[in-house]
Amino acid sequence: MRKEAQYFDDIVQARRSIRIYDDKATFDETAVDRSLERALLSPNSSNLQLWEFYRVKSKAKKNELAKYCLGQNAAKTANELIVFVTRKDKWKERARYVLAEAKKEFPATLSKKHKLIIEYYDKLIPTLYFSDPVDIAGGFKKIASVVSGTFQPIPREVTATDMRIVVHKSVALAAQTFMLSMKAEGYDTCPMEGFDSVRVKKFLNLPRGAEICMIVSVGTAKPEGVYGKRVRIPKEQVIFEI
Ligand SMILES: Cc1cc2nc3c(=O)[nH]c(=O)nc-3n(C[C@H](O)[C@H](O)[C@H](O)COP(=O)(O)O)c2cc1C
């Protein structure tokens with residue numbers, strides 16, 4: 001095994017979800033800066049980067065947000081809380097930005113590959129992401145995918161709800177990058193979906209189109225902050241070779 005793989009294994013093995021942090025331990029806030037910047041490098045669907053990360057650091061704001069995390073110890077005792085937010089509503093401006101950046105590298109005469117990239121962001125992305133308030137468009141897209149799917153392999157996840165899941169997947173990957181990075185920096189984390197999303201959205205002043213994917217608390221674990229041994233389903237039951 002390469003030494004990099006050994007380091008990575010050490011980090012993965014050492015990461016645990018922490019429910020009680022040590023408020024006496026020193027905390028280097030710049031570890032969060034670095035980890036959020038690494039989270040930005042996470043793989044994400046169509047590179048649209050439909051995410052926002054909100055750092056909650058002040059004691060008063062943290063206490064308020066901890067209440068909306070249903071008073072969980074993992075939130076109450078943390079040094080900081082980071083809210084991972086989905087921004088599906090920003091698809092248009094993010095697509096425009098990503099395509100404009102890509103085009104800067106394009107040669108004067110476009111090859112087939114370059115034309116495909118333009119078509120992807122100008123046509124396919126709007127087709128997938130456009131939705132009306134009751135998602136009538138999603139119903140039509142679903143019918144179209146079922147019909148053309150009888151003749152060829154085709155994406156089946158086309159409704160507004162499907163696209164919400166697409167965005168949540170990418171934001172969850174960013175949260176994972178962040179958590180592993182914090183462990184590499186010598187700190188601990190706990191991902192949380194136990195929160196009142198309506199209150200958290202109001203607290204962050206977020207618009208309707210934004211959703212809370214996860215809230216991650218950070219700090220230094222107290223030994224009693226690890227709730228029990230690590231339990232995993234035996235690998236034979238979940239890893240398959242086809
Ligand atoms: C999406 C997600 C939501 C979670 N929500 C909570 C939560 O609200 N509160 C909590 O204490 N732990 C929460 N967890 C942590 C899990 O309980 C924990 O990851 C699992 O028990 C495995 O333990 P480990 O992380 O120590 O390996 C969540 C984890 C994930 C991935």
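In the protein chain, 79% of the contacts with a separation of 6 or more join residues that stand 24 or more positions apart. The model described here is predicted.

**Overall architecture**

The protein chain contains nine helices and four strands. Read from the N terminus, these elements follow the order α-α-β-α-α-β-α-α-α-α-β-α-β. The chain thus opens with two helices and ends with a strand. Its C-alpha trace spans about 60 × 50 × 45 Å along the principal axes. Of the 242 residues in the protein chain, 40% are buried. The accessible surface of the chain comes to about 15,000 Å², and carbon and sulfur atoms contribute 57% of that surface.

**The surroundings of the ligand**

Which residues surround the ligand? The shell consists of Arg 15, Arg 16, Ser 17, Arg 19, Gln 72, Cys 190, Pro 191, Met 192, Glu 193, Gly 194, Arg 230 and Arg 232. By character, these residues of the shell divide into six charged, three polar and three nonpolar. Arg 16, Ser 17 and Pro 191 belong to this shell, and the table lists a distance to the ligand for each of them.

| Residue | Atom of the residue | Atom of the ligand | Distance |
|---|---|---|---|
| Arg 16 | side-chain N or O | oxygen | 2.7 Å |
| Ser 17 | polar side-chain atom | oxygen | 2.6 Å |
| Pro 191 | backbone N or O | nitrogen | 3.1 Å |

On its own, the ligand has 620 Å² of accessible area, and the protein covers 67% of this area. Arg 16 and Ser 17 each place a side-chain atom at the listed distance from a ligand oxygen, whereas Pro 191 approaches a ligand nitrogen through a backbone atom.

**Ser 181 in helix H8**

A further residue to examine is Ser 181, which is found in helix H8, a helix formed by residues 160-184. Is Ser 181 buried or exposed? Its relative accessible area is 6%, and because a residue under 20% counts as buried, Ser 181 is classed as buried.

Which residues does Ser 181 contact, apart from its neighbours within four places in sequence? Ser 181 is in contact with Ser 35 and Arg 38. With Arg 38 there is also a polar contact, in which the two side chains are 2.8 Å apart. Ser 181 is therefore a buried residue, and its side chain makes a polar contact with the side chain of Arg 38.

Definitions and conventions
Residues are numbered from 1 along each chain as its sequence is written. This is a predicted model: local features need pLDDT of at least 70, side-chain atom pairs count only at pLDDT 80 or more; totals for chains, interfaces and linings use all residues. Side-chain values use heavy atoms; hydrogens and water are left out. Buried means under 20% relative accessible area, exposed over 50%, partly exposed in between (1.4 Å probe, protein chains only). A polar contact is a pair of N or O atoms within 3.5 Å; within protein, one must be able to donate a hydrogen and the other to accept it, and residues adjacent in sequence count only if both atoms are side-chain atoms. Contact means heavy atoms within 4.5 Å. A residue is near a molecule or strand if one of its heavy atoms lies within 4 Å of it. Accessible areas come from the Shrake-Rupley method with a 1.4 Å probe; for residues, only the protein chains shown count as cover. Ala, Val, Leu, Ile, Met, Phe, Trp, Tyr, Cys and Pro count as nonpolar, Asp, Glu, Lys and Arg as charged, and the others, Gly among them, as polar.
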